[in-house]
Structure formats: C-alpha cells, structure tokens
Amino acid sequence: MAKPASTEEKLSVLRDLQKASISEGTRIALGKALAGANNIIVAEAAKTAGRLGMEKMIPDLLKAFDRLLDNPLKRDKGCLAKEAIIETLDKLEYDQVDIFFHGIRYYQIEPAYLRPVDTAAILRGRCAFALVRIGGAGVVFELVELLVDPEPQARIAAVKALTGISSDISEPLLRLKTRQGDEDHQVVAECLFALMDVNPENSVGFVEKFLFLGSEDFSELSDRDLILAENAALAIGGSKLEIAFEILQHHRENSINPEFQDMLLMPMALTRFEGAFNYLIDIIENGFRQSAVSAVNAIKLFGDESHQTRIQSAVELRDDTEISKAYAAWHSA
C-alpha cells in the first residue's frame, strides 16, 4: 500500500498548481483540498484559488468556511484556514456580505500556556476590509465595535479599514480613538497615519499636537511620549504636504531635547522637499556629531545622482570618522 502523502508534499502540489494554467483538473484538486481535514492544506488551497483568480471556487470556499465553524478548535486551530478563505473571497471580490459580517463578529478562544487566547483577531480584521470594499448599511457600526475589540490586531485593522470610507465619517472616529488612547501605542500611531491619509490638510494641526509630547525636557519624557511623537512626525513627513517640512523644522529648532531633535530628521527627509535636503546637508557639515550621523542616515532617502554627489561632498568636507562610517554603511549596501 502506498504511503499517504505528507502535509509538505500536499503543499508542494498546491504550489505547483499556481504555476500551471487553470484547468478542470486544477478546480477538482483545489475542491478536494478545500474539503480536506488538514487546515494547513485548506488554507493553502484557498490562497491558491485567490492567486489564480478562480471565481469558480467561491462555492467551495463558502462550504469550507461553514464546515470549519463546526468544532473549530479541532478543525481549524489558529483560524489559519478561515483567515485564508476570507482573504481569498475578498481578493475575488465576492460581494455577499453575510460571511464577512459573521467573520467580523467571530471569536475563537483557544487554550494557551499562560491564559486562553483569541485566535480570530486577524480574521475579524480581514472581514473589516472586505466590508469596507463592499460598503452598505451597518459597516461603520461594525468598525466602531472593532475599534474597541479586546485584541490590538483587530483594533489596528479597524483603524486601517476606516481609511477606506468617507472622511466625514472616518476622521471624527479616528480623532476620538486617538484622544481616547489605547494600551497598545501602535493603535494610536496607526490613527495618526490614518488621519493624514483620509484628510491631511484638515488633520495636520491635530496630529502636530502629538509632537509636543516629545519636545519637552528629556528627563520628563516617557518612552510612550517619544514613540507617539515620532509616529506623528513620520505621519506628517510622509503626507507630502508643502507645510510638512516647515512644521518639523519649527519643532526641532524649538526643542531642548537632543533625542527628539535627531528623531525629526528622518520625517524631514520623508517630505522629499528640497529645503529639507539643504537643511540636512547643513547639519552634516556643521551640526553636532550625533546629529550629523542622524542626518546622514536620513538623507539617504534622496537617492538620485545629483543629491548623492552633494551628500558625498558634505561628508568629505566634514572629515569626521563617525560621520564617514555612517555614510559608508548605507552607501555601500
């Protein structure tokens, strides 16, 4: 009797299907895999269907999802297969909302070493993106619930999903969540980025307030303040607003905190504004050594040949071992 194929062998077969042309044999093979008992295989089959753009597999995907809801801790530990199915249905632009509403409300509590864990947080987040894509009544209410979800991954997904709806609705919710705060600082950081995505002109003044958290005397700062200030600076710098460099420069030159001052250099470079480039060049040539090193690390974002020539000249003019070492580290990479 032939030895049954191992999980790795079955995964290899599914990956090979992604390289072949779509055929009836492909559909049959994926259908069989989706109906199988191994959730790792089911997940890979779902991903394969998505990568191949096989809309014909949607009924099989829906059937597999329903089956995995029965005794889920046994059939789909870690929610691996259900996550993959939802991701694929969204990728295939499936537009019936029932499965996504079910998924965004789904929790799967599993035993773990220290305490039980909910393994469905990512699944809820994926359903949020699908519902925003489809639109319709009730989506915003689900996102509000997800903003206060027990799991940070789900809260972050809600924040990111809000960027896909009207700023008239998303901006007030994002501001409220930012002001409310979160035990996970990354959630608030994502709110700052989201605000500068949905309505940068209107949000820049609000986001700028978080720069003041990092600009105070170093001895009075918490790590959380610096993290939020850094993310606010990165959100402003990445917005490409004309005023972005001016805001960052103002905060740097009015701060007494050297760490905060140097942190602002990378966001300045993110603006890709020529004034920011000249400002960084001046720091390389004339600033304190540590600030000059930070400026070298930031200015690499200006990658075209004309800028590179000026950067090299500034480093050579400074003639400092540490600054030259910083330049060589990224320039040779």
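**Exercise 1.** What is the handedness of the crossing of H15 and H18? Work it out for this predicted model, and describe how the two helices pack and which residues bring them into contact.

*Solution.* Begin with the geometry: helix H15, which covers residues 244-253, packs against helix H18, residues 274-286, at an angle of about 30 degrees, and their axes lie 10 Å apart. Angles under 35 degrees count as roughly parallel, and H15 and H18 are therefore roughly parallel to each other. The crossing that these two helices make is left-handed. Turning to the side chains and backbone in contact, H15 contributes Phe245, Gln249, Arg252 and Glu253, which meet Gly275, Ala276, Tyr279 and Ile283 of H18. Sorted by class, the residues of this contact comprise 4 nonpolar, 2 polar and 2 charged.

**Exercise 2.** Determine how H10 and H12 are arranged, and give the class make-up of their contact.

*Solution.* Helix H10 (residues 152-162) and helix H12 (residues 185-198) have axes 9 Å apart, and the angle at which they pack is about 5 degrees. It follows that H10 and H12 are roughly parallel to each other. On the H10 side the contact is formed by Pro152, Arg155, Ile156, Val159, Lys160 and Leu162, while H12 supplies Gln186, Val187, Glu190, Cys191, Ala194 and Val198. Counting by class gives 8 nonpolar residues, 1 polar and 3 charged for the contact of H10 with H12.

**Exercise 3.** Carry out the analysis for H11 and H13, beginning with their angle and axis separation.

*Solution.* The angle between helix H11 (residues 167-180) and helix H13 (residues 200-208) is about 10 degrees, with the axes 12 Å apart. That value makes H11 roughly parallel to H13. Glu171, Arg175, Thr178 and Arg179 are the residues of H11 that meet Asn202, Ser203 and Phe206 in H13. The contact of H11 with H13 divides into 1 nonpolar, 3 polar and 3 charged residues.

**Exercise 4.** Which residues line the largest pocket, and which helices give two or more residues to that lining?

*Solution.* The largest pocket holds about 240 Å³ of space. Its lining consists of Lys10, Val13, Leu14, Ala29, Lys32, Ala33, Gly36, Ala37, Asn38 and Ile41. Assigning these residues to elements shows that helix H1 (7-17) and helix H2 (24-34) are the ones that give two or more residues to the lining. As a last step, classing the lining residues yields 6 nonpolar, 2 polar and 2 charged.

How values were computed
Residues numbered from 1 in each chain as written. Predicted model: local features only at pLDDT ≥ 70, side-chain atom pairs only at ≥ 80, totals over all residues. Heavy atoms only, no water. Axes fitted to C-alpha atoms, helices over the stretch in contact; angles between N-to-C directions. Helix = DSSP H or I, 4+ residues; strand = E, 2+ residues; numbered from the N terminus. Parallel < 35°, antiparallel > 145°, perpendicular 65-115°, else oblique. Contact = heavy atoms within 4.5 Å. Nonpolar A, V, L, I, M, F, W, Y, C, P; charged D, E, K, R; others polar. 1 Å grid on protein atoms, 1.4 Å probe; cavity = no way out; pocket = protein on both sides within 12 Å on 5 of 7 lines; lining within 4 Å. Points joined across faces, edges and corners; volume = space filled by probe spheres on them. Left-handed = near helix turned anticlockwise from the far one by under 90°.
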